[in-house]
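Subject: A structure for you to look at

Hi there,

Here is the structure I promised to pass on to you. Please open it next to this email, so that you can follow along as you read.

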Amino acid sequence: MCNDQQLTHCQELIRKCNILVLATSGNDGIHTSLMAYASSADCSEIYMVSNRKSRKWQNLSQNAQVSLLIDDRDGKLSDRRHEIKALTVKGTFVPVTDKSEIKTIKSAIADTAPAIADAFSGPENSIIRIKADSFQLLN
């Protein structure tokens, strides 16, 4: 990210959207997952919820480096393709262990994706926190 204006555009896209693609890498290769998410106020952290037995969790335990893709293609594919913005976030998985922080993050994710909130409320699920290392915006 080069300047404040570009960072602002990245933050706007993160705040506007609520679905991303998470790419993880483990011993058996690269794995991608479509995920609902929420972010910290400054967009320096992205939060998701997933089952700890999933392949993405296995990969995160082997390699904390991830890539996220956030885009605004919804409703633009047919006649406004030139307006699509795509943001790649390179980041690092950082575990969340504080119970009050977990509750706050789960609530934020439920607010962004209420239709799936019940699906990640069980004890086998946990927070995936990604600390953004860099942003690359295509617009």
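Let me begin with one contact between charged side chains. Arginine 55 and aspartate 28 meet through their side chains in a salt bridge, with 3.2 Å from N to O. This pair links distant parts of the chain, 27 residues apart: arginine 55 sits in helix 2 (residues 55-62), while aspartate 28 lies in the loop between strand 1 (19-26) and strand 2 (29-36). Arginine 55 counts as partly exposed because its relative accessibility is 31%. Aspartate 28 has 51% relative accessibility, so it counts as exposed. Please keep in mind that this is a predicted model.

**More salt bridges**

How many salt bridges are there by this rule? The count comes to 5.

One of them is formed by arginine 129 and glutamate 101, whose closest N and O atoms are 2.9 Å apart. Here too the pair links distant parts of the chain: arginine 129 belongs to strand 7 (residues 125-138) and glutamate 101 to helix 3 (residues 99-112), 28 residues apart. Is arginine 129 buried or exposed? With a relative accessibility of 11%, arginine 129 counts as buried. Glutamate 101, at 29%, counts as partly exposed. There is a further partner to look for, since Glu45, Glu101 and Arg129 are linked in a network of salt bridges.

Another salt bridge joins aspartate 71 and arginine 73, and its closest N and O atoms are 2.6 Å apart. Aspartate 71 has a relative accessible area of 18%, and is therefore buried. Arginine 73 is partly exposed, with a value of 39%.

**The sheet**

Now try tracing the strands. In what order do the 7 strands of the open sheet come? The order is 2-1-5-6-7-4-3, and the pairing is antiparallel. Strand 2 and strand 3 are the edge strands, as each of them pairs on one side only.

Two of the pairings are worth following by eye. Strand 5 (residues 65-71) runs antiparallel to strand 6 (residues 86-93), and 7 bridges join them. In this pairing you can find aspartate 71, which you met above in a salt bridge; it stands opposite alanine 86 in strand 6. Strand 6 also pairs with strand 7, again in the antiparallel sense, over 8 bridges. There, threonine 88 stands opposite glutamine 136 in strand 7, and valine 89 stands opposite phenylalanine 135 in strand 7. While you are looking at strands, here is a general point: in a regular strand the side chains alternate between the two faces of the sheet.

**Helix 3**

Helix 3 is a good place to practise. Its 14 residues, at 1.5 Å a residue, should span 20 Å, and its end C-alpha atoms are 20 Å apart, which agrees.

Which residues of helix 3 are buried? Ile102, Ile105, Lys106, Ile109 and Ala110 are. They cover an arc of only 140 degrees around the axis, so they are on the same side of helix 3. What do these buried residues pack against? They pack against strand 3 (38-39), strand 4 (45-51) and strand 7. The face turned away from the buried side carries Lys103, Thr104 and Asp111, which are exposed.

**The cysteines**

How many disulfides does the structure hold? There are 0. As a reminder, a disulfide is a covalent bond between the sulfur atoms of two cysteines. For cysteine 10, the closest cysteine sulfur is the one in cysteine 43, 9.2 Å away, which is too far for a bond. Looking from cysteine 43, the closest cysteine sulfur is likewise that of cysteine 10, at 9.2 Å. Cysteine 10 is buried, with a relative accessible area of 0%, and cysteine 43 is buried too, with a value of 0%.

**One last stop**

Finally, find histidine 9, which has its place in helix 1 (residues 4-16). Histidine 9 has a relative accessible area of 32%, so it is partly exposed. Histidine 9 and isoleucine 70 are 61 residues apart along the chain, and their C-alpha atoms are separated by 12 Å.

Enjoy exploring, and write back with any questions.

Best wishes

Definitions and conventions: Residues numbered from 1 in each chain as written. Predicted model: local features only at pLDDT ≥ 70, side-chain atom pairs only at ≥ 80, totals over all residues. Heavy atoms only, no water. Salt bridge = Lys/Arg side-chain N within 4 Å of Asp/Glu carboxyl O. Helix = DSSP H or I, 4+ residues; strand = E, 2+ residues; numbered from the N terminus. Buried < 20%, exposed > 50% of the residue type's maximum accessible area, 1.4 Å probe, protein only. Disulfide = S-S within 2.5 Å. Pairing = 2+ DSSP bridges. Expected span 1.5 Å × (residues − 1). Arc of directions from axis to C-beta. Contact = heavy atoms within 4.5 Å.
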